[in-house]
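Please walk through this model one region at a time, with the sequence and the coordinates side by side.

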Amino acid sequence: MKEKYRKTGLIFFPAFDWAISPTHPEREERLLYTQDQVFEEGLLDFDNIIEYKPGMATVDDINRIHICVPDAESVTTESHLISAGGAITAAEKVLDGEVDNAFALVRPPGHHAMTVVHGARGFCNINIEAIMIEHIRSKYGPKKVAIVDTDCHHGDGTQDIYWHDPNTLYISIHQDGRTLYPGSGFPNEFGGPNAIGTTINIPLPPRTSEEGFLYVLDHLIMPILEEFEPDLIINSAGQDNHYTDPITDMRFTAQGYAILNDRLSPDVAVLEGGYSVETALPYINVGIILAMAGIDYSQVTEPDYDPSSIRQSSEVTSYIEKEVDLIHSLWKNRNAEKAKVDRDTEFATRQKNIYYDTDGIQEEQKETVRLCNECGGLVFIDSRANYADRIFAVIVPGQSCPICRKKGEDLFESTDKKPYRHVYFQDRDRDIFLVK
Amino acid sequence: MILGIDVGGTHTDAVLIEDLDVKKTVKVLTNQENLIGTFQNVADEILREENIDDLERIVLSTTMSTNAIVQGNIDEVGMILASGPGLPPSILKINDHTHFLSGYVNHRGEKVAETDVTEVSEIKDRLTAAGIRHVGIVGKFSTRNPALETTIADMIQNDFTHLSFGHRMSGNLNFPRRIATTYLNAAIWNTYNTFVKEVLNFIGTIKSSVPLFILKADGGTSEIGQSAKYPVGTILSGPAASIMGILCLSHCREDAIAIDIGGTTTDIALFADGIPLLEPFGVTIEGHKTLTRGLRSRSLGVGGDSRVHYENGDISVGPERVGPAAAFGGPYPTPTDAMIVLGLTDIGDKRMAEAAVEKVAESTGASVTDTARQIFETACRSIADNVTAMIEEINNKPVYTIHEILEGKKIMPQVLYVVGGPAQPMAARIGELLHCHACIPDHAEVANAIGAALARTTTEITLLADTEKRTLTIVEEGIQQEISPQFTREEGLQICRDKLIERALKMGAREDEIEIEILEDQVFNMVRGYYTTGENIRLKAQIKPGLITEIAKETRQ
């Protein structure tokens with residue numbers, strides 16, 4: 001392989017004293033063997049791999065992107081603040097020019113956490129990538145960001161948060177939602193009316209292997225990224241597509257993850273899921289770190305690696321080829337699709353039923369967006385959890401137009417608090433968060 | 001009566017300590033060509049007129065191993081590596097006689113690929129054909145299971161003079177460092193063992209029953225015969241002696257900075273609550289990052305004789321030394337010359353110092369005095385900045401638990417100890433810059449020998465128990481045994497303590513000086529599917545660097 005020496009920041013935070021519950025996949029042991037492998041390979045001794053201590057995200061960082069019910073303190077613990085803080089540290093080191101790229105190897109994960117947070121779902125409380133991105137935008141100014149989510153599960157939280165944002169491209173590649181939690185992430189989920197085409201879902205059939213993943217990367221993701229021209233590429237680096245993962249059914253490998261990372265060249269990678277703690281994570285993480293730092297990763301394989309035994313079937317190959325063609329033409333037609341949106345009405349509404357599997361909460365949500373050609377559009381959300389806890393939130397998007405902002409301010413002002421536990425106002429550009 | 005001897009790069013110092021007091025000191029020039037001769041001379045000199053029967057122990061700190069490595073006075077080593085998947089051989093190869101063979105132990109210590117007997121035999125033939133006598137055998141994760149290394153050794157041990165094993169170097173993980181450490185150990189094995197034999201012969205002529213110790217890089221002692229098994233532990237003995245000396249002379253109990261300002265370099269060390277800090281993974285020597293336990297220090301190229309640069313009126317100091325200060329006939333202005341001009345010290349020829357500083361003044365356009373002040377300030381600041389950077393580095397050390405993030409101790413030194421030639425003129429200003437009270441301990445001129453004399457025996461032990469696999473490993477001792485699935489952390493701690501004491505006694509420790517510290521104490525539930533299948537218990541204990549006794553406080557001001 002061609003050596004591309006890069007300075008890589010590593011934020012390693014295994015949280016050896018935190019678990020959802022003693023036998024939960026998200027437990028103390030999760031990154032133990034990864035630590036062993038990273039230490040044994042001596043990766044921290046490379047001059048171009050620099051380890052940083054994670055910072056702690058603040059309540060303000062959370063309130064910039066989430067509406068937490070009743071408040072951010074109640075739905076988070078220190079572990080979440082450090083995990084999100086680790087992601088922020090990673091991005092800051094890149095934007096400050098201290099390193100060329102960075103990997104936040106932190107837990108717990110975050111990509112199932114949506115805009116409104118009543119509790120934990122899919123092991124996630126707060127969305128660590130979204131918190132990182134909005135922190136960066138607030139500190140360093142507007143940025144066009146692409147998130148490539150390579151976790152095996154659809155990142156429905158990140159999709160929800162950026163559904164209306166034309167400046168954030170969210171691409172998720174995951175095991176088909178008909179066969180895996182959370183059951184969403186189909187190609188027709190393609191972004192809100194103001195942001196058509198900046199959500200891209202690529203569901204893959206079970207038992208897809210290296211060949212399939214890399215085909216999607218080369219023939220779909222890379223061309224889309226080239227056209228979108230992001231300022232920053234973020235990789236939500238879930239590691240549960242691995243052939244030994246206990247809760248998924250894919251056939252990806254450590255070598256495949258390293259190649260994917262190398263070709264994608266993300267500015268920041270953030271660990272998401274991945275629960276094959278002993279036979280997958282140690283090797284995948286070493287592969288990703290080496291790939292990011294531009295060090296030869298060609299010998300990084302699982303000890304029992306045998307590509308012929310995990311090769312995908314020809315049916316899977318042709319299915320993926322067809323799907324890539326379909327999604328690519330959707331992407332090509334995105335502007336035409338956007339033009340078709342009915343602009344006679346001012347607002348578009350979607351109803352959501354959200355289940356929080358980790359905490360057992362049922363949420364009903366009505367989300368409304370103002371149809372706007374100038375910005376992502378004013379959003380307001382009426383949400384009720386477990387048929388009781390009801391809130392209302394007004395969200396003025398980043399890079400908002402004056403009309404959406406004015407309308408948002410008026411709406412917050414005029415909304416009667418009485419039926420709600422709280423009414424929230426969030427203005428991302430001005431970093432304002434109000435609660436009544 | 002204890003005799004401490006520090007065979008340093010320039011001088012060799014000896015000190016006799018009796019009844020908590022420095023009884024006698026001797027300083028001679030080191031003959032680098034004949035270290036053993038230098039050692040004999042200084043020992044003869046200091047012990048003359050002394051009653052040898054009172055001699056309880058002799059402790060030696062020596063540049064022997066360091067010099068062997070720095071000067072390349074080492075043997076050719078054959079390296080046999082079982083690297084498995086991971087970093088490519090091109091990165092791991094350490095010399096022309098490095099050979100890779102199959103066989104792999106994973107992070108759990110499971111042998112997942114066997115050694116190939118034919119491969120081993122081929123490598124053996126190539127090494128013997130090349131005239132190699134010393135061999136290092138290193139496997140990835142051999143600290144988790146040394147079986148692969150010992151299997152290879154069984155096949156070749158009769159064909160070479162000495163074999164060094166990776167797993168015996170340290171219980172810590174880090175394959176590239178294990179390779180480097182094992183390589184160095186094998187490379188200096190012969191030189192060091194010859195030295196030990198000669199020293200023991202000489203001691204035999206004085207008093208053969210007196211125990212002889214050597215100071216290791218971690219500021220602890222080891223009985224010299226024991227040290228001969230792992231010579232790599234004795235590298236950087238000198239800097240360790242200096243730090244232990246300051247510790248002893250300062251009676252330090254708190255967070256403190258220790259700096260040793262020499263002619264060429266300044267060495268910085270830190271104490272946390274009076275304990276010298278160790279390197280997190282191991283010391284670095286001649287570009288080799290090793291797993292050898294060692295005191296943490298930072299060396300910068302600023303000393304009394306550093307060359308002052310003044311291109312375009314910008315003054316900078318070091319990093320090189322080109323002869324002595326101008327006041328002693330050297331070719332370039334130095335910080336020492338500036339201190340002479342400023343009247344901070346009255347050594348050397350003041351007129352020559354002034355003439356040298358004047359050349360700098362011509363370039364800066366300032367007066368000679370102001371220029372001298374600027375040179376002095378630049379040198380002090382450069383040292384102070386490095387101290388600050390080192391403290392920051394330590395306080396920003398990544399930690400892996402929420403508890404440590406929230407509660408982690410930070411080092412906040414209030415005291416600065418300074419030794420070395422320019423200590424007197426520079427200490428106060430550096431102290432000011434660091435907002436620390438500056439002290440110059442008494443007997444600082446023989447600090448190294450005192451540090452060696454009074455250091456206690458140190459060692460470390462790593463215990464891993466895997467109750468799912470039912471194995472217990474203490475790799476430093478080569479122990480691997482079966483345990484019951486009910487084995488507990490408490491049982492582990494007890495074994496850890498017992499084995500540590502055993503090891504320390506073997507290295508020459510006195511029972512009353514053994515103070516155990518648990519460095520690592522972690523238990524992880526291993527869950528497979530949704531059931532707990534066992535516990536992964538990880539313990540590490542050490543005897544930390546410290547002193548066997550103190551120098552009485554009354555002897556210093």
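**From a helix end to the chain interface**

Start just past helix α8 of chain A, at S265(A), where phi is positive, near 45 degrees. Keep in mind that this is a predicted model.

Now step back into the helix itself. Helix α8 of chain A spans residues 254-264 and is mostly covered, with eight of its 11 residues buried. The buried residues are A254(A), Q255(A), G256(A), Y257(A), A258(A), I259(A), L260(A) and N261(A). What do the buried residues of α8(A) pack against? Two helices and two strands of chain A: α7 (210-228), α9 (281-293), β9 (232-237) and β10 (268-271).

Widen the view to the whole of chain A. Its domain assignment gives domain 1 (8-335) and domain 2 (347-435). Taken over C-alpha atoms, the centres of domain 1 and domain 2 of chain A are separated by 26 Å. Domain 1 of chain A brings 27 residues to the contact, and domain 2 of chain A brings 31 residues. On the domain 1 side, helix α5 (residues 128-140) of chain A gives the most, with three residues. By class, that side of domain 1 of chain A has 12 nonpolar, 10 polar and five charged residues.

Next, cross to chain B and its open sheet. Five strands of chain B run in the order β25-β24-β23-β27-β26, with antiparallel pairing. The edge strands are β25 (479-482) and β26 (516-528) of chain B, and each pairs on one side only. From one strand to the next, the twist averages 10 degrees.

Look closer at one pair in this sheet. Strand β23 (residues 459-466) of chain B and strand β24 (residues 471-474) of chain B are joined by four bridges in the antiparallel sense. Opposite L463(B) stands I474(B) in β24(B).

A helix covers part of the sheet. Helix α15 (residues 489-506) of chain B lies across β23, β24, β26 and β27 (531-543) of chain B. Its direction is at about 150 degrees to β23(B). Within helix α15 of chain B sits I501(B). Is I501(B) buried, exposed or partly exposed? I501(B) is partly exposed, because 18 other C-beta atoms lie within 10 Å, and a residue counts as buried only at 20 or more and as exposed at 12 or fewer. Between the C-alpha atoms of I501(B) and Q542(B) there are 9.5 Å, although these residues are 41 residues apart along the chain.

Strand β26(B) leads to the interface between the chains. Here 37 residues of chain B are in contact with 37 residues of chain A. On the chain B side, the elements giving two or more residues are β8 (111-113), α6 (175-207), α12 (402-407) and β26 of chain B. The largest share of that side, five residues, comes from β26(B). By class, the chain B side has 21 nonpolar, 12 polar and four charged residues.

Finish with the nonpolar cores. The largest has 139 residues. Those with the most contacts inside this core are I5(B), I257(B), V418(B), I430(B), I450(B), A452(B) and A453(B). Helix α6(B) gives the largest share of this core, 13 residues. Take A453(B) and leave aside its neighbours within four places in sequence: A453(B) is then in contact with I2(B), L3(B), G4(B), V15(B), I17(B) and V59(B). A second, separate core of 132 residues includes A19(A), A87(A), W163(A) and A393(A).

Notes. Residues numbered from 1 in each chain as written. Chains lettered and ligands numbered in written order. Predicted model: local features only at pLDDT ≥ 70, side-chain atom pairs only at ≥ 80, totals over all residues. Pairing = 2+ DSSP bridges. Axes fitted to C-alpha atoms, helices over the stretch in contact; angles between N-to-C directions. Contact = placed C-beta atoms within 7 Å. Nonpolar A, V, L, I, M, F, W, Y, C, P; charged D, E, K, R; others polar. Domains from an automatic or database assignment. Core = buried A, V, L, I, M, F, W, Y, C linked by C-beta atoms within 7 Å.
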